[in-house]
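Q: Please take a close look at one part of this protein for me, its largest nonpolar core, and set that part within its surroundings.

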Amino acid sequence: MADFPKDYNLKELTLTLCTGEIWDIRYIYHELNIFEDIWSPTMSGSVLISDTQNRLANFPIFGFETLTIGLETPGKGLLTKNFRVYSATDRHLGKDRNLAYILNFCADEAWKNYKVRVSKSYKSKQIHEIVADLHNTWLGGGEIEIDPAKYLH
């Protein structure tokens with residue numbers, strides 16, 4: 001049973017570039033932080049990279065990159081989640097041409113929330129119909145559980 005913060009196995013940590021190239025960064029990362037709190041509607045995080053091949057100069061971060069994290073906890077199975085990388089910060093050149101930087105990422109929903117504005121009127125619809133329409137049309141769909149409403153709004 002996973003009772004402590006370190007009770008997990010990192011099975012996947014890949015960065016998919018906008019060109020389609022996939023980097024396995026499990027062996028060059030030093031620190032991985034994932035944040036989820038009650039005051040934020042989405043997950044976010046950062047990963048500290050120690051890069052000796054100067055990948056950041058050859059493949060800059062544009063905001064279209066996807067970070068895939070696969071965590072396995074004892075007795076639970078594998079959990080895989082995709083995030084959107086939106087910046088590379090705190091670049092420091094260390095010894096032996098080692099460039100350290102932080103990749104900041106957020107859940108894809110946060111990116112869509114920032115980029116998409118919906119201005120739409122719903123007449124004589126129930127709340128669960130409105131939520132279903134917004135979720136399926138503007139937020140990409142997916143699995144969601146919506147409790148039905150009794151009245152029109």
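A: Helices (H or I, at least four residues) and strands (E, at least two) are DSSP runs numbered from the N terminus. The model is predicted, with local features requiring pLDDT of at least 70 and side-chain atom pairs counting only at pLDDT 80 or more, while totals for chains, interfaces and linings use all residues. Residues are numbered from 1 along each chain as its sequence is written, and side-chain values use heavy atoms, with hydrogens and water left out.

The setting comes before the core. Three helices and seven strands make up the elements of the protein, and read from the N terminus they follow the order β-β-β-β-α-β-β-β-α-α. The radius of gyration, taken over C-alpha atoms, is 19 Å, whereas the globule rule (2.2 Å times the number of residues to the power 0.38) gives 15 Å for 153 residues, so the protein is more spread out than a compact globule. Taken along the principal axes, the box filled by the C-alpha atoms is roughly 65 × 40 × 30 Å. Of the 153 residues, 27% are buried, where buried means under 20% relative accessible area, exposed over 50% and partly exposed in between (1.4 Å probe, protein chains only). Among contacts (heavy atoms within 4.5 Å) with a sequence separation of 6 or more, 49% join residues that are 24 or more positions apart.

Now to the core. A nonpolar core is a set of buried Ala, Val, Leu, Ile, Met, Phe, Trp, Tyr and Cys residues joined through side-chain atoms within 4.5 Å, and the largest one here has 21 residues, of which L15, V47, L67, I69, L103 and F105 have the most contacts inside it. Two or more core residues come from each of β1 (9-16), β4 (44-51), β5 (65-73), β6 (77-93) and β7 (99-107), and strand β7 gives the largest share, five residues. In soluble globular proteins, nonpolar side chains tend to be buried together.

I69, one of the residues with the most contacts inside the core, shows how this part is joined to the rest of the chain: leaving out residues up to four places away in sequence, I69 touches L10, E12, L13, L32, I34, L79, T80, K81, F83 and F105. From that list, I34 can be followed further, and this residue sits in strand β3 (residues 29-35). I34 is in contact with M43, S44, G45, I69 and F105, again with residues up to four places away left out. Although I34 and F105 are 71 residues apart in sequence, their C-alpha atoms are 9.0 Å apart in space. With a relative accessibility of 35%, I34 counts as partly exposed.

Strand β4 also holds S46, whose relative accessible area of 13% makes this residue buried. Neighbours within four places in sequence aside, S46 touches E31, L32, N33, F35, I102, L103, N104 and F105. Of these, I102 belongs to strand β7, and its own contacts, counted in the same way, are S46, V47, L48, S87, A88, T89 and D90. The C-alpha atoms of I102 and A88 are separated by 5.5 Å, with their positions 14 residues apart along the chain. D90, another contact of I102, lies in strand β6 and has a positive phi, near 50°, in a residue other than glycine; the relative accessible area of D90 is 47%, so this residue is partly exposed.

The later part of the chain gives a further view. K123 is found in the loop between α2 (108-115) and α3 (127-138), and it is exposed because its relative accessibility is 68%. The C-alpha atoms of K123 and C106 are 34 Å apart in space, with the two residues 17 apart in sequence. S124 lies in that loop between α2 and α3 as well, is exposed at a relative accessible area of 56%, and has a phi near 55°, a positive value in a residue other than glycine. I130, in helix α3, is buried with a relative accessible area of 17%, and it touches Y122 and K125 when residues up to four places away in sequence are not counted. From I130 to A100, 30 residues apart in sequence, the C-alpha distance is 46 Å.
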